[in-house]
Amino acid sequence: MAKNLNKVLIVDDEQDLAEVLSSALMMKGLDVVIASNGVEALKKWDEHNDIDLVISDIRMPGLNCDGITLTKKVREKNSSIPIILITGYSEFTEPFAQKMGANQVVSKPFEFYEILCLVDKYLNN
Amino acid sequence: MYQRSYLSRGWFFTFILFLGLGIIGLITLQLKQSFLDNIRLSESRSFQKATFLIEEKVNSYIHGLQGMSGIHLVNNGTISPRLVRDYAVYRHFFTNFPGALGFGFVRRVEKKSLDTYLANKRKDFKTFNIRSITQKTYPDHFIIEVIEPIETNAVALGLDVGSEIKRREAAELSMRTGKPALTAPIDLVQNKKAGKGFLFFLPLYNKTQTPETINEREKSIIGWSYTPIQSSGLIDFLRNSVDEQLVLQLYDSSGELIIKNDQAVDKRYRDNWFETTISVGGRQWLIKGAVLKSFNVSMINLATILFFLFFGFVYTWFIYRFRKVVKKSEESEIKNQQMESWQSAILNGADYAIISTLPNGIITTFNKAAERMTGYQATELIGEFSPAIFHDLDEVKQKLRYLSHEHNIELTDLFDAFIFNPTKDGTETQEWTYLNKNGSRIPVKLCVTPLKDASDEIIGYLGVAEDISQIKKMEATIETQRLAMISGAKMSALGEMAAGVAHEINNPLAIISGRLTVMRMMLEDNKLEKENIEEGLSKINETCFRISKIVKGLRAFSRDSGTDPMEETTVGKILEDTLELCRERLKNHLIDLTVEGDLSATLNCRSVEISQVLMNLISNSMDAIDHLTVKWINIKVISLNNKLMITVTDSGNGIPQEVAEKMMDPFFTTKQLGKGTGLGLSISKGIIEAHGGRLSYKISEGHTQFVIEF
């Protein structure tokens, strides 16, 4: 707990979803940065430089920069930062995501508490 | 076949020819025979007539003699020459008794009384003398006492006819039997050179009645009425009385020839002699008769034979000519027969019902296929009924009502339903239903044409009907299969959409779940204000609405739409419903979809089906352009002059030729196994065509474009 506030980067093209997730995290006392696509997320990553956790959708509009690409790029910059991927598609399995460098994959539809618990888990570690 | 038939006919003609000649020959023979028979019959009659005449004539001598006897009776046993002479005159002697030389009386005188008799006789007739014919002596004499006319018979007067055996036998026979008796042929004393003659005796007794016994007759005999007959006189009579062609010969029972009426050479006589025996004066006469070989008869025979021979030649010639004519007519007959059997074979071999009628509808031709389709026999209908009898009457009446309404006239004859338009326009093809006798309904496609003669007058109608029940069945099957395929393809499309749709729903669900979680956290921290609640609820409501819209679209899409009614729908509405289901996928594939044009244009359609086609085209485009850098799809609606055109263009650069040729075929696919059914385009095409439209592919400004036209 070197820092006062943990900072979470939320990447999702669905604005409503990003907003409600951010509200919930903020309620838990976390700092939140929102990006609507992978390119924007990398830009925000560089701007803030103190991101503690990344939550990203896999399928997102944007040139060659969906959740998987983002994970690879983030992993290049920081090998230990927890990355949680969210997907609606069944082909993105847990082993596949881990191979790509993500810590956890959450399939839609999900319980909101599940996300919050995972955030707690990775930040407290 | 053809040649053999000729050969056999050749033999047939030869046979006929010889048969004809044979028959002619037989007829000739028969006629000749019949002719000869007739001749023979007439000869026979002629002979019988002659026989009868002879018999009658001889009997007339008896009558003459009986008359003589009567004179004797009335004159008390004495016979004077004057009386006999008077009698002869009275009886027209020489006319009525041809051949008779005179009438006379022969007296029986016993030997012992001869001198007394002679003395008495010489009292009246001083020169009366008795002469014997032979030297033979008998116990009595039969002396010719009277013979008239004495002028020609003087030589016989006083002759003792009893002195000669032939004359004596006849006289004695007459005496004993009491009946007339003839002598055998003798030479008469009057004229020895005139040929044979004979004497005819009739006995005279001294009693009125002929005595009962021979003994009494011998005792009471006085003498005989008699007449000498010269056979040549009979011949003269016969010459005049019988057929001059007839040759007669009379033989005495002694075998001696009495007379013959012709001296002609024997070879001129016919071979066939008639013979008969008559009984005259106690003798049996054999009459032989024959007719001269007549020149006429041979001429007639010859003429007959010549005639028939001539006839035979003419007949033969005719047969020969006839054979030629027949040969020719036979050829054309064979041709006609072939033509007829061809026509009959065509008529009955055709799988189409061929029915012709008179102008009034009465059936004149009804082929086998027609019998099969209707269950009626040609013989039941021809000349009796109109085709309406085997039609579904409701259809016929409906057509009649339609025609009446259309042309504003009153049509009542059912047959008009079939011929009204053909009469006017030349021909009409329409689907009808035949009611088969067995109760089944046979859908047919009937083409009716008027039949016209050379002067363009309608002389009847021709109906050719095709049984389309198999086609109908196939159409029904195809329709079922099409619906099944549409359904299958739809399910397949649904499967493809499922992932996208899941995504569409997942996000709203996550949003709702998130809102609820945030609100609960606020509640737990006692920070939940009214405005937070309102904001959260409105977001949740909004998101729920989003979900329900997706679900509605999905439900409509999956429903069986094949029997939906056609409804007037705007193209905009159809597009909206369609795009709702693929927006998420488009977004995920980073495809820019634009819609332009007259979205308010309306279309009478099954909107779900049109939506399905659009979905199929969009899906194909998405797959086709996924690998491209520039990804866009453009949908344009153009409404022009009652025509509606929807184009779906994507950023692709066209479809390879070989693929384009086959892509509308069922089950053709370029996608990986399991990725596509290959039914999409073919079914889309089917749907559009079922709506009376056309689905085509082209390249527009270098880009792939599908065009739906209505």
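I23(B) sits in helix α1 of chain B, a helix that runs over residues 2-74. In this predicted model, I23(B) is partly exposed, with a relative accessible area of 40%. I23(B) also belongs to a nonpolar patch on the surface, together with F12(B), F15(B), L19(B), I27(B) and L31(B). Taken together, the six residues of the patch offer about 540 Å² of accessible area.

Zooming out to chain B as a whole, the count comes to 20 helices and 24 strands. Chain B has 710 residues, and 44% of them count as buried. Its accessible surface adds up to about 38800 Å², with 56% of that belonging to carbon and sulfur atoms. As for contacts in chain B with a separation of 6 or more, 64% are between residues 24 or more positions apart.

Chain A comes next, starting with helix α2, residues 38-48. Which residues of this helix are buried? The buried ones are G38(A), A41(A), L42(A), K44(A) and W45(A). These residues fall on the same side of α2(A) because they cover an arc of only 160° around the axis. The general background is simple: an α-helix has 3.6 residues a turn, so residues three or four places apart point the same way. On the face turned away from the buried side, α2(A) carries the exposed residues V39(A), K43(A) and E47(A). The cover over the buried residues of α2(A) includes β1 (7-11), β2 (31-35), β3 (53-57) and α3 (67-77), each from chain A.

Both ends of α2(A) have something to show. At the N-terminal end, N37(A) acts as a cap, with a side-chain oxygen 3.2 Å from the backbone nitrogen of V39(A). Just after the helix comes N49(A), with a positive phi of about 65°. N49(A) is in the loop between α2 and β3 of chain A, and is exposed at a relative accessible area of 65%.

Backbone oddities turn up in chain B too. Most residues other than glycine have a negative phi, and most peptide bonds are trans. N526(B), though not a glycine, has a positive phi near 55°. N526(B) is found in the loop between α14 (469-524) and α15 (530-558) of chain B, and at 69% relative accessibility counts as exposed. There is also a cis peptide bond, joining E148(B) and P149(B), with omega at about -10°. P149(B) is in the loop between β3 (140-148) and α5 (150-153) of chain B.

D252(B) is another loop residue, placed between β9 (246-251) and β10 (257-260) of chain B. Is D252(B) buried or exposed? With a relative accessible area of 2%, D252(B) is buried. Its side chain makes a polar contact with the side chain of R283(B) at 2.6 Å. Leaving aside residues up to four places away in sequence, D252(B) touches A184(B), P185(B), I258(B), R283(B), Q284(B) and W285(B).

On to charge pairing. Side chains of opposite charge can pair when their charged atoms come close. How many salt bridges does a search of the whole structure find? The search gives 32 over all chains. One of the pairs is E380(B) with K437(B), whose closest N and O atoms are 2.7 Å apart. This pair links distant parts of the chain, 57 residues apart: E380(B) is in helix α11 (residues 378-381), while K437(B) is in the loop between β15 (428-435) and β16 (441-452) of chain B. E380(B) is partly exposed at 31% relative accessibility, and K437(B) is partly exposed as well, with a relative accessible area of 47%.

K399(B) and E428(B) form a salt bridge too, with their closest N and O atoms 3.2 Å apart. K399(B) lies in helix α12 (residues 393-407) and E428(B) in strand β15 of chain B, so this pair ties together parts that are 29 residues apart in sequence. K399(B) counts as buried at 8% relative accessibility, and E428(B) is buried with a relative accessible area of 16%.

In another salt bridge, the side chains of K631(B) and D626(B) meet at 3.3 Å, N to O. Here K631(B) counts as buried at 16% relative accessibility, whereas D626(B) is partly exposed at 34%. Finally, there is a network of salt bridges in chain B that links R108(B), D140(B), R168(B), E172(B), R176(B) and E218(B).

Key:
Residues numbered from 1 in each chain as written. Chains lettered and ligands numbered in written order. Predicted model: local features only at pLDDT ≥ 70, side-chain atom pairs only at ≥ 80, totals over all residues. Heavy atoms only, no water. Buried < 20%, exposed > 50% of the residue type's maximum accessible area, 1.4 Å probe, protein only. Helix = DSSP H or I, 4+ residues; strand = E, 2+ residues; numbered from the N terminus. Arc of directions from axis to C-beta. Contact = heavy atoms within 4.5 Å. Polar contact = N/O pair within 3.5 Å; in protein donor to acceptor, adjacent residues only side chain to side chain. Patch = residues over 30% accessible without salt bridge, like charges linked within 9 Å, V, L, I, M, F, W, Y side chains within 5 Å. Areas by Shrake-Rupley, 256 points an atom, 1.4 Å probe, with all protein chains shown as cover. Salt bridge = Lys/Arg side-chain N within 4 Å of Asp/Glu carboxyl O.
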